Amino acid sequence: MSQTPPLHPEIRPMCESDLDQVIRIERQIFLFPWSLANFSDSLKAGYLCRVMEENLTILGYSILMIGPDESHILTLGINPDWQRRGLGEKMLHYLIDLSAEHGAKSVLLDVRESNQGAARLYRQLGFEQIGKRKGYYPAMCGREDALVMQLRL
Ligand SMILES: CC(C)(COP(=O)(O)OP(=O)(O)OC[C@H]1O[C@@H](n2cnc3c(N)ncnc32)[C@H](O)[C@@H]1OP(=O)(O)O)[C@@H](O)C(=O)NCCC(=O)NCCS
């Protein structure tokens with residue numbers, strides 16, 4: 001049976017020097033990845049950009065935008081070598097707590113309709129679908145709908 005080392009990753013603010021690692025993961029996990037400029041702009045805009053790191057290796061990242069009443073998870077990704085080990089769930093719990101600390105009454109996110117794994121994780125944490133954005137995402141053949149999901153805090 002294969003052994004996986006114990007994971008005790010730290011979640012900390014993202015900085016410019018993390019972006020090489022972040023963008024490498026982004027390009028592996030998304031068919032239509034954000035550009036380096038998208039991440040850089042998010043840092044400059046003051047969004048709450050975080051990385052999950054262990055032994056100087058970035059295992060995942062997220063970007064949260066805080067509004068007056070609600071927060072919005074703009075992106076969330078886990079290194080493909082480290083998926084299905086509870087790290088996505090850990091990052092989500094962190095983002096939910098961070099949203100509550102900032103006074104948000106709900107957390108919103110968009111997810112591709114075909115991304116059933118991610119949607120399953122969100123539902124497990126209490127997110128509910130509250131709408132659909134028609135043709136929101138680019139897709140290999142045309143466009144794809146986004147499910148809008150919300151967690152009430
Ligand atoms: C979606 C994502 C963030 C989940 O993170 P993760 O660390 O792999 O997921 P976790 O180990 O925390 O999963 C917890 C539970 O969520 C569900 N889940 C997560 N990914 C799943 C998948 N691909 N298929 C089915 N269920 C999944 C499972 O119930 C899982 O529990 P289990 O492994 O005991 O069955 C990660 O897989 C990822 O980065 N995917 C590519 C990018 C992406 O889709 N980001 C989200 C955009 S909205």
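Which element gives the most to the shell around the ligand? Helix H4 does, with 5 residues. The legends below take this predicted model view by view, with local features limited to pLDDT of at least 70, side-chain atom pairs to pLDDT 80 or more, and totals for chains, interfaces and linings using all residues. Residues are numbered from 1 along each chain as its sequence is written.

**View 1. The shell around the ligand.** The ligand is surrounded by 18 residues (C-beta atom, placed from the backbone, within 6 Å of it). Gln83, Gly88, Glu89, Gly117 and Leu121 are the closest. Two or more residues each come from strand E4 (70-78), helix H3 (87-101) and helix H4 (116-124); helices (H or I, at least four residues) and strands (E, at least two) are DSSP runs, numbered from the N terminus.

**View 2. The chemistry of the shell.** Here the shell residues divide into 7 nonpolar, 7 polar and 4 charged. Ala, Val, Leu, Ile, Met, Phe, Trp, Tyr, Cys and Pro count as nonpolar, Asp, Glu, Lys and Arg as charged, and the others, Gly among them, as polar.

**View 3. Leu56 in its loop.** Look for Leu56 in the loop between strand E2 (48-54) and strand E3 (57-66). Leu56 is not a glycine, yet has a positive phi of about 65°. Leu56 counts as exposed because it has 6 C-beta neighbours inside 10 Å (exposed means 12 or fewer other C-beta atoms within 10 Å of the residue's own, all placed from the backbone).

**View 4. Arg84 in its loop.** Arg84 sits in the loop between E4 and H3. Its phi is positive, near 60°, in a residue other than glycine. With 9 C-beta neighbours inside 10 Å, Arg84 is therefore exposed.

Methods
Buried ≥ 20, exposed ≤ 12 C-beta atoms within 10 Å, placed from the backbone.
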